[in-house]
Amino acid sequence: MVEEVSDFEALEIAVRELAIEKGLFTAEDHRRFTEFAEHIGPTPAARMVAKAWLDPEYKKQCLTDAIKASLAVGVDWLNPTGFGTPSDYTDLRVLEDTPTLHHVVVCTLCSCYPRPILGFQPEWYRTPNYRRRLVRWPRPVLAEFGLQLPPEVEIRVEDSNQKCRFIVMPVRPAGTEGWTEDQLTEIVTRDCLIGVALPKPGMTTNIPLPVHKPAKPGHH
Amino acid sequence: MSQHDRTHHATIATGKGDPQCFKGTAGPAKFKVGQTVRIKDLPDVFYTRCQVYTRGAVGEVAVVTHESPAPEDEAWGHVDHSEWFYIVRFKQKDLWPEYPAAFANDTLQTEFSERWLEAV
């Protein structure tokens, strides 16, 4: 993990912040593009959440024995790669959001992450910037991801520092009534499962990337 | 363990999982869900996973999670003694004095081995 910010990273941040200030795109657009660019498709954890939204009994199992519940989405934590020994700690906990409670996961000490069910961490999840700031200033950090929640929603930061691994189970969004498990799985993106975004109908990691027309196009 | 054994995890956790492989080795849990606890400020000369920002803070046990050797021991290959682990919930304003009063409901949870907790 690189501790220092390189010149190119400083330049990227400067240009990005200027572009957001000028209204060329929003912080949420940027987050969405970053997620897309890292090619994270529907993960087994997304399917777990979608199944739980549809099946109250399965949801109960996710909240009480997530390791067992993982088997239903094709993940055996004791043998996650299909060979060899366990590659990670095997105590998965599912954090259930409600309309008045939102969870977000961080590991301040390194980058603990539920890899067997969610793949590798995004780069930002490993940065000291995210790790140091999320625990202390969760609302400003979430705002940088384009997520702003009202004060009546309790934000609960989960600092994953021991052998438990966590995923967030967001509230099923309005506008998804009658959807199938496959449709629901598509909108539970990686960032929703970490807790820095909320699922929205039409917002998936698999659709063609939208082209944003500049709000103030330059002249050539 | 006379030598640092880097393979203990693989040999004892295969087919069971870790921390599941330490189940039943810590005796009765000292704290229960809902109990108010304070995080001790113990010395941490070598290795710890108890964050400095939690030291001295008072919170509530949210989950009694599992049994395992404490990381302070396991880091050196000592896996003979297990402890219970607890997820403790703090009010953000009890951790950070400057946390905005407008968001008084916000909380933070993190996990401790039993040695770090004392009843309040």
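In the predicted model, buried residues account for 37% of the 220 residues in chain A. The secondary structure of chain A consists of 11 helices and 4 strands. Of the contacts in chain A between residues at least 6 apart in sequence, 73% join residues at least 24 apart.

Helix α1 of chain A comprises residues 7-22. At 1.5 Å a residue, its 16 residues should span 22 Å, and this agrees with the separation of its end C-alpha atoms, which are 22 Å apart. The helix is hardly covered, the count of buried residues among its 16 residues being 0. Gly23(A) follows α1(A) and has a positive phi, near 80 degrees.

The two chains meet through contacts between 24 residues of chain A and 25 residues of chain B. On the side of chain A that touches chain B, at least two residues each are supplied by α8 (128-136), α9 (138-144) and β3 (154-159). The most is given by β3(A), with 6 residues. By residue class, this side of chain A divides into 11 nonpolar, 5 polar and 8 charged residues.

Strand pairing also links the chains. Strands of a sheet pair through backbone hydrogen bonds, in either a parallel or an antiparallel manner. Here β3(A) is joined by 4 bridges to β4 of chain B (residues 107-113), and the two strands run parallel. Within β4(B), Thr110(B) is the bridge partner of Asp159(A).

This pairing belongs to an open sheet of 7 strands, in the order β2(A)-β3(A)-β4(B)-β3(B)-β2(B)-β1(B)-β5(B), with mixed pairing. The edges are formed by β2 (101-106) of chain A and β5 (117-119) of chain B; each has a single partner strand, so one side of each is left without a neighbour in the sheet. From one strand to the next, the twist averages 35 degrees. Towards the chain B edge, strand β1 of chain B (residues 36-39) is joined to β5(B) by 3 bridges, and these strands run antiparallel. Arg38(B) stands opposite Glu118(B) of β5(B).

Arg38(B) is also a contact of Val58(B), a residue of strand β2 (residues 58-68) of chain B. The two residues are 20 apart in sequence, whereas their C-alpha atoms are 4.3 Å apart in space. Residues up to four places away in sequence being left aside, Val58(B) touches Thr36(B), Asp94(B) and Val120(B) in addition to Arg38(B). Val58(B) counts as partly exposed because it has 15 C-beta neighbours inside 10 Å, and a buried residue would require 20 or more.

On the chain A side of the sheet order, α8(A) lies across β2 and β3 of chain A together with β4 of chain B. The helix runs at about 150 degrees to β2(A). Its buried residues are Tyr130(A), Leu134(A) and Val135(A). These residues cover an arc of only 105 degrees around the axis, which puts them on the same side of α8(A). Their cover includes β2, α7 (123-126), α9 and β3 of chain A, together with β4 of chain B. Thus β4(B), the parallel partner of β3(A), is also among the elements that cover the buried residues of α8(A).

Methods
Residues numbered from 1 in each chain as written. Chains lettered and ligands numbered in written order. Predicted model: local features only at pLDDT ≥ 70, side-chain atom pairs only at ≥ 80, totals over all residues. Contact = placed C-beta atoms within 7 Å. Nonpolar A, V, L, I, M, F, W, Y, C, P; charged D, E, K, R; others polar. Pairing = 2+ DSSP bridges. Buried ≥ 20, exposed ≤ 12 C-beta atoms within 10 Å, placed from the backbone. Expected span 1.5 Å × (residues − 1). Axes fitted to C-alpha atoms, helices over the stretch in contact; angles between N-to-C directions. Arc of directions from axis to C-beta.
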